[in-house]
Amino acid sequence: MATLADRLDHLLGHKTADALSDAFGMTTVEDLLRHYPHRYATQGAELGESRPVEGQHITIIARVESAQEVPMKSRAGKRLAVRLRSDRHTIDVTFFNPHKVKHNIKPGVRAMFSGTVKYFRDKWSLTHPSYVVLPEPRTAADLVSAAPARVRGAGALAGLARTAQDAAGVDMSVFDRALIPMYPATRDVESWTVMRCVRQVLDQLDPVEDPLPDWVLADRGFIGLDEALRSVHLPDTKEEVDRARDRLKFDEAAAVQLVLAQRRHDVEVRSAPACARRDGGLAEEFDRRLPFELTAGQLAVAEEISADVSRPHPMNRLLQGEVGSGKTIVALRAMLQVIDAGHQCALLAPTEVLAAQHARSLTAMLGDLASAGELGAHELATRVTLLTGSMSTARKRKALNEAVTGDAGIVIGTHALIQDGVNFFDLGLVVVDEQHRFGVEQRDSLRSRGRDGASPHVLVMTATPIPRTIAMTVLGDLEVSTLRELPRGRSPIVSRVVPAKVHPTWVDRAWERIREEVADGRQAYVVCSRIGDGDTDEDLPVDPGEQGAAPAGKSRARASGAQEPPETTSVLELHEMLASGPLRDLNVGLLHGRLPADDKDAVMREFNDGAVDVLVCTTVVEVGVDVPNATVMVIVDADRFGVSQLHQLRGRVGRGGHQGLCLLVTDTKPGSPTMTRLQAVAGTTDGFELAQLDLQLRREGDVLGKAQSGTVTTLRLLSLVDDGDVIEAARAFARTVTDQDPGLREHPGLASMVTAALDTESIEYLDKS
């Protein structure tokens, strides 16, 4: 008999276990049994997702509706054009060398097909898949008299079936089940292989002890874990599947929430400097000088933060708000309160461009309140110091000295701030701008920089609104403050999609529109998705601010293994084309992540000062760059950017008193899913609405690991889009348990469930974020 902890190579043999390990990272029985079916098939009917991802290797069971030899268009010969019927869907399949398969692939035949998904005109198909013809469902009487099954098929799938033969033939009994499990598979490990391994392991598995307390099972009406694991793999009815998935979803949600609840408890027992408001201090003087009124939202959020930093336990708060909603001034007021209490603040920015921008803007906002030690400085003044990795040795030494002596009340920098050689005199508050751009290890390093063992308060900011279910799941230990209203006088941004292939003259009109704005004294951005034609996996942007842009062109095709995507325009070639063509009489600047830091800073200064009319750039300007005179942004190859990234980028325009315009240029065809996504972005400036759309389009991504986007997820069944109620219930359960038993010492089953349901790396990631 076997347990969940047993190694697969002891039960399945080294060859099979090695294949599972290579394909999915499975090493134990539990790893295999947590690889749940992603759909089920029954007599040719498919239950589950109907639009697989292009390039995904899938296995389906379907019935042949038609099979016809047709001439090939591009070369001599014929192909077998097959139409399959699966549930309510039809799938087109093409076989070359039809004489080799037409004797098996006939109308009415029921078979398992395995191949790589390709889309054409928004419809997916399979080309020359491997296949195995399946027997028709049989009765018990049929089984008694049935002759040994013979494999009829071709390709890898048929080969795998033949490897399962013994003297009695192939065990095809699983296909007599009402529901046939279909597993996530690869080219090397087919669904057939996973199904066979799961059956073999379940036959040897001891009853599984349940980690959930009895009161939870009774309260939620859950089946036990042993029954859930067996039912999810080999169910007899759809109801069994639903009951099993409900239980296993809760396990996943509970595991995450237990980790977060433990982290909340850890924060509560840490000490932090209590930074109460000081009458007649720097913060009060700054407020007295403000030339405008803060919005009601800014005042409310500021009160929450002020109360947090006044307590002797570390603040752990997320400040989210629309692009341009005024998060920076809220953060600055909090920093001044901490400085009044005798402590320092650190502001961490994702790029050197943004760090320098913050240094300039904070210094400008403070005026003589930022000139401590200088002639004519205000008696309450502090000092703002910039520290980046590319500074000269002399400037860096001066900045380091100001940080360690406490002369600098505010130290601003990139990841260079959290390197071993940087020390603070008395760090009381860490503000992290665009928190999703930093690895958790980096943020964790700053948390340990407090004086005498104290932890600094932490405020993380983002202009990418986070849907509530993600906040509950990934940021459940953070208190969340939200700014929804824009500052007074800010005009909404108008966005338009420019379909370049359908209307090429509209692209010319975009350049004309830029010329018109410049003629009126305004400025413009033109954004590209990559730097140059030589981009490769080893030649990607070095500035962390550009890591959000997916590498385009041939390097991306090689990395994904998918077919080569369309060519994209590089920032280098577009700058040359515009500067020598439609914008030749304007001052066209160039900015990207591989420029030396001094050059980047010089370009941004010229753009800030109005000396540069048009800035052709990469996503290095995505966050925080503030040039109020810029009113137009043209985003080239806009289909290469995500929803949130497009929203962030266009937030760079319309920051003054003039209307902002964002043009999304794309070669994407009208009516395609990508065009629909771009039109959705153009249709609203509500970042919270777009965040929910982004989540629905991309699904959760690897929200618990380092890659927080995409289609691969460490959540196997739980959906952040659909299962908010499950997450809420799991959160309440986790708080109840950890309030009484923070270390889960009295609940060893729950402690092991945390480890089992989440991979170790994800727990470590969560534990530091």
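1. Helix 21 (residues 643-650) lies across strand 18, strand 19, strand 22 and strand 23, and runs at about 150 degrees to strand 22. Contact here means heavy atoms within 4.5 Å, while axes are lines fitted to C-alpha atoms, for helices over the stretch in contact, with angles running from 0 to 180 degrees between N-to-C directions. Helices (H or I, at least four residues) and strands (E, at least two) are DSSP runs, numbered from the N terminus.

2. The model is a predicted one, in which local features need pLDDT of at least 70 and side-chain atom pairs count only at pLDDT 80 or more, whereas totals for chains, interfaces and linings use all residues. Residues are numbered from 1 along each chain as its sequence is written, and side-chain values use heavy atoms, with hydrogens and water left out.

3. The strands under helix 21 can be placed in their sheet as follows. An open sheet of 6 strands has the order 18-23-22-19-21-20, with parallel pairing, where two strands are taken to pair if DSSP finds at least two bridges between them. At its edges are strand 18 (493-499) and strand 20 (588-591), each of which pairs on one side only. From one strand to the next, the twist averages 20 degrees. Helix 19 (residues 571-580) also packs on this sheet, touching strand 19 (523-527), strand 20 and strand 21 (614-617), and its direction makes about 175 degrees with that of strand 20.

4. Strand 23 deserves a closer look. Strand 22 (residues 630-635) is joined to strand 23 (residues 660-666) by 4 bridges, the two running parallel; Val632 has Leu661 as its bridge partner, and Ile635 stands opposite Leu664. Strand 18 is joined to strand 23 by 7 bridges, again in parallel, with Ser495 standing opposite Cys662. In a regular strand the side chains alternate between the two faces of the sheet. For strand 23 both faces are covered, since Gly660, Cys662, Leu664 and Thr666 on one side and Leu661, Leu663 and Val665 on the other are all buried. Buried means under 20% relative accessible area, exposed over 50%, and partly exposed in between (1.4 Å probe, protein chains only).

5. A second open sheet should be read separately. It has 7 strands in the order 13-14-12-15-16-11-17, and the pairing is parallel. Strand 13 (384-387) and strand 17 (479-483) stand at the edges with a single partner strand each, so one side of each is left without a neighbour in the sheet. Neighbouring strands are turned by 20 degrees against each other on average, direction ignored. Within this sheet, strand 12 (residues 344-348) and strand 14 (residues 410-413) pair in the parallel sense over 4 bridges, and Leu347 has Ile412 in strand 14 as its bridge partner.

6. Two helices can be described against this second sheet. Helix 11 (residues 296-309) lies across strand 11 (316-321), strand 16 (457-462) and strand 17, running at about 155 degrees to strand 17. Helix 12 touches strand 11, strand 12, strand 14, strand 15 (427-433), strand 16 and strand 17, and its direction makes about 170 degrees with that of strand 15. Of the 14 residues of helix 12, 13 are buried, so this helix is largely enclosed by the rest of the structure. Just after helix 12, Gly342 takes a positive phi of about 95 degrees.

7. The aromatic rings form a further topic. Rings of Phe, Tyr and Trp (its six-membered ring) pair if their centres lie within 6.5 Å, and planes under 30 degrees apart count as stacked, over 60 as edge-to-face and the rest as tilted. By this rule the count comes to 6 aromatic pairs. One of them is the tilted pair of Trp215 and Phe733, at 5.9 Å centre to centre and 55 degrees between the planes. Trp215 lies in helix 7 (residues 214-220) and Phe733 in helix 24 (residues 724-740), so the pair ties together parts that are 518 residues apart in sequence. Trp215 is partly exposed at 46% relative accessibility, whereas Phe733 is buried at 5%. Trp215, Phe222, Phe250 and Phe733 form one aromatic cluster.

8. Tyr525 and Phe607 have ring centres 5.0 Å apart and planes at 65 degrees, so the pair is edge-to-face. This pair links distant parts of the chain, with Tyr525 in strand 19 and Phe607 in helix 20 (residues 597-609), 82 residues apart. Tyr525 is buried, with a relative accessible area of 0%, and Phe607 counts as buried at 0% relative accessibility.
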